[in-house]
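I opened my notebook on this one with a simple plan: pick a few residues, look at their surroundings, then step back to the sheet and the pocket. Here is what I wrote down.

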Amino acid sequence: MGLVARHLEANGIPTVTFSCARDITEAVRPPRSVFVVYPLGSTCGRPFDPANQRAVLLAGLRLLETGRTPGEIVDLPYVWSADETWKQLIVSPEQPFLSDEAEARRQAGLDAARAGKRKAKATAPD
């Protein structure tokens, strides 16, 4: 979305993006972004919590009005839950939320990509 926002801004349309992946947001540098430490896909607030959703959206609208620094990222103080076990389920190499079948497909894809890289490296001219 950050690249789309940059394109829109270049054509005179003000934008603000909502992000849960700060590293990606910093790399893409959208014109303005609101960042929350929430799971991916939940950037506009917790499900069934309209007060939190409203607060996140209003923060984005405020940034749209007041943001003046290109690439500005505003960190919101909201927390997803009292504990951080959700991070262990989402931000882990094992991705334990995947079924065994989905994990096998993921692993096969990784193995195929690695094999493709090895083959390309072996056949590349020196």
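**Entry 1: C20.** I looked up C20 first and found it buried, because its relative accessibility is 14% (buried means under 20% relative accessible area, exposed over 50%, partly exposed in between, with a 1.4 Å probe and protein chains only). Before going on, I noted that this is a predicted model, in which local features need pLDDT of at least 70 and side-chain atom pairs count only at pLDDT 80 or more, while totals for chains, interfaces and linings use all residues. I also noted that residues are numbered from 1 along each chain as its sequence is written, and that side-chain values use heavy atoms, with hydrogens and water left out.

C20 sits in the loop between strand 1 and helix 2 (helices, H or I of at least four residues, and strands, E of at least two, are DSSP runs numbered from the N terminus). Which residues does C20 touch, not counting those up to four places away in sequence? I listed F35, V36, Y38, P39, L40, S42 and T43, where contact means heavy atoms within 4.5 Å. For T43, I noted a C-alpha to C-alpha distance of 5.9 Å from C20, with the two positions 23 residues apart in sequence.

**Entry 2: W80.** Next I went to W80, in the loop between strand 3 and helix 4 (85-90). Leaving aside neighbours within four places in sequence, I found W80 in contact with V37, Y38, P39, S42, G45, R46, P47 and W86. The C-alpha atoms of W80 and V37 are 7.1 Å apart, although the two residues are 43 apart along the chain.

**Entry 3: the sheet.** I then traced the strands and found three of them in an open sheet, ordered 1-2-3 with parallel pairing (two strands pair if DSSP finds at least two bridges between them). Strand 1 and strand 3 (72-79) are at the edges with a single partner strand each, so one side of each has no neighbour in the sheet. On average, neighbouring strands here are turned by 25° against each other, direction ignored (axes are lines fitted to C-alpha atoms, for helices over the stretch in contact, and angles run from 0 to 180 degrees between N-to-C directions).

How many bridges join strand 1 to strand 2 (residues 32-37)? I counted three, with the strands running parallel. T17 has S33 of strand 2 as its bridge partner, and F18 stands opposite V34. Strand 2 is mostly covered, with five of its six residues buried.

**Entry 4: two positive phi values.** A reminder to myself: most residues other than glycine have a negative phi. R29, in the loop between helix 2 and strand 2, has a positive phi of about 55° although it is not a glycine. R29 counts as partly exposed, because its relative accessibility is 47%. F48 is another non-glycine with a positive phi, of about 60°, and lies in the loop between strand 2 and helix 3 (50-66). Is F48 buried or exposed? At 84% relative accessibility, F48 counts as exposed.

**Entry 5: the largest pocket.** Last, I looked for empty space and found about 190 Å³ in the largest pocket. My note on terms: on a 1 Å grid over the protein atoms alone, a pocket is an open set of points where a 1.4 Å probe fits, with protein on both sides within 12 Å along at least five of seven lines, and lining residues have an atom within 4 Å of a point. Grid points are joined across faces, edges and corners, and the volume is the space filled by probe spheres set on the points.

The lining has 14 residues, with M1, G2, S19, I24 and T25 nearest the centre. Helix 1 (2-10), strand 1 (17-19) and helix 2 (22-28) each give at least two residues to this lining.
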